[in-house]
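Reader: I'd like to learn how to read a ligand site in a model. Can you walk me through one?

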Amino acid sequence: MSSIKKIGVLTSGGDAPGMNACIRAVVRTGIYHKLEVVGIYHGFEGLINNEFEEMSSHSVANIIQRGGTILKTARSERFKTEEGMAQAWENIQKNKLDALVVIGGDGSFRGANALVEKYHFPIVGVAGTIDNDLYGTDFTIGYDTAINTVIEAVDKIRDTASSHSRLFFIEVMGRDAGFIAMRSGIAVGAEAILIPETKTHIQDLISLLEKGRRKNKASGIIIVAEGDDEGGAFEVARKVKEKFDFYDTRVSIIGHLQRGGSPSCMDRVLASRLGYESVNAILDGYKGVMVGIINKEVSFIPFVKSVKHHAEVDKDIIKMAHILSL
Ligand code: F6P
């Protein structure tokens, strides 16, 4: 029999479509197990500011299809300080929480891990970020919706690129990770995909474009992850244009559009499953781990491991994307 009676749930870092589906799953699984469930607003900031609210089955009704997070989110700088964390711990005790579910990305798990290590408090993490860059899960909540948003936007841009015979540099999110760029780039048949994980050579890109031109390619799409080593889409476009001025060029930044919207079926189901499993994990005595899914199986990765290792972009996929774009 578990001694856990009351759990909290919060969302932290960049929001991701499917976070609401996950909150719903945590609340309803908790209630099923006769736990009290409390929502904490604004991520770790809410722990510091004591923004706790009792959740009921009804309070998470009609949210599975909604983007964003009903609990709001933040990137808390104060939580990184000793005073901030001590204040958060005081509120956790005052509210008699026995455990916490943190839905977020690697920055959130770093914060959660500090709390686990300092106060031995049980926290289970759920992989929620559009970046899909977490080690220990095949997919993170929000990634599928984000890449579908990207391909919808790029398909539309492709129409006008083709009509005007233009070359478009399109920037997608991913400060440190190229998963959004890589997968959406393949799906839209991009001429090139530039990601932070591999070195970008402007000259190689120009050679590729010249080759395309010789084959009478009248227009093109270059997908640039925002964290590419040669800069964002504006910067890369400028560097290319300096040496290769054949195409009429435009730049498009898709931006925060990628973070919003109704979650896809895949994200809703993934979020429901991870939320459900996070509560089961707490009841089974897990702490300081992230719940993920690898090859359809539930997996538990210690925070220390999930934040140290970055998920890797598959080299074969990079090669395939290149070959198919020729
Ligand atoms: O981590 C998710 C993410 O959307 C990244 O892809 C992006 O670099 C970053 O958040 C943007 O963060 P913010 O909304 O705080 O500017």
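Reader: How far does a polar side-chain atom of E226 lie from an oxygen atom of the ligand?

Author: For a polar contact, look for a pair of N or O atoms within 3.5 Å. Here, in this predicted model, a polar side-chain atom of E226 comes 2.4 Å from an oxygen atom of the ligand. H256 also offers a polar side-chain atom, 2.8 Å from a ligand oxygen. With G174 it's a backbone N or O atom, at 3.3 Å from an oxygen of the ligand.

Reader: And how much of the ligand does the protein bury?

Author: Start from the ligand taken alone, which exposes 400 Å². The protein buries 78% of that. As for where to look, the ligand sits in the largest pocket.

Reader: Which residues are around the ligand?

Author: Go by distance: a residue counts if one of its heavy atoms lies within 4 Å. That gives R75, I130, D131, M173, G174, R175, E226, H256 and R259. Sort that shell by character and you get 2 nonpolar, 2 polar and 5 charged residues.

Reader: Why does the ligand lie between the domains?

Author: Check which domains feed the shell. The chain is assigned domain 1 (6-142 + 263-308) and domain 2 (144-259). Both of them give residues to the shell, so the ligand lies between them.

Reader: How far apart are the C-alpha centres of domain 1 and domain 2?

Author: Those centres are 34 Å apart. The domains still touch: 15 residues from domain 1 and 12 residues from domain 2 take part in the contact.

Key: Residues numbered from 1 in each chain as written. Predicted model: local features only at pLDDT ≥ 70, side-chain atom pairs only at ≥ 80, totals over all residues. Heavy atoms only, no water. Polar contact = N/O pair within 3.5 Å; in protein donor to acceptor, adjacent residues only side chain to side chain. Areas by Shrake-Rupley, 256 points an atom, 1.4 Å probe, with all protein chains shown as cover. 1 Å grid on protein atoms, 1.4 Å probe; cavity = no way out; pocket = protein on both sides within 12 Å on 5 of 7 lines; lining within 4 Å. Sits in = over half its atoms within 2 Å of the grid points. Nonpolar A, V, L, I, M, F, W, Y, C, P; charged D, E, K, R; others polar. Domains from an automatic or database assignment. Contact = heavy atoms within 4.5 Å.
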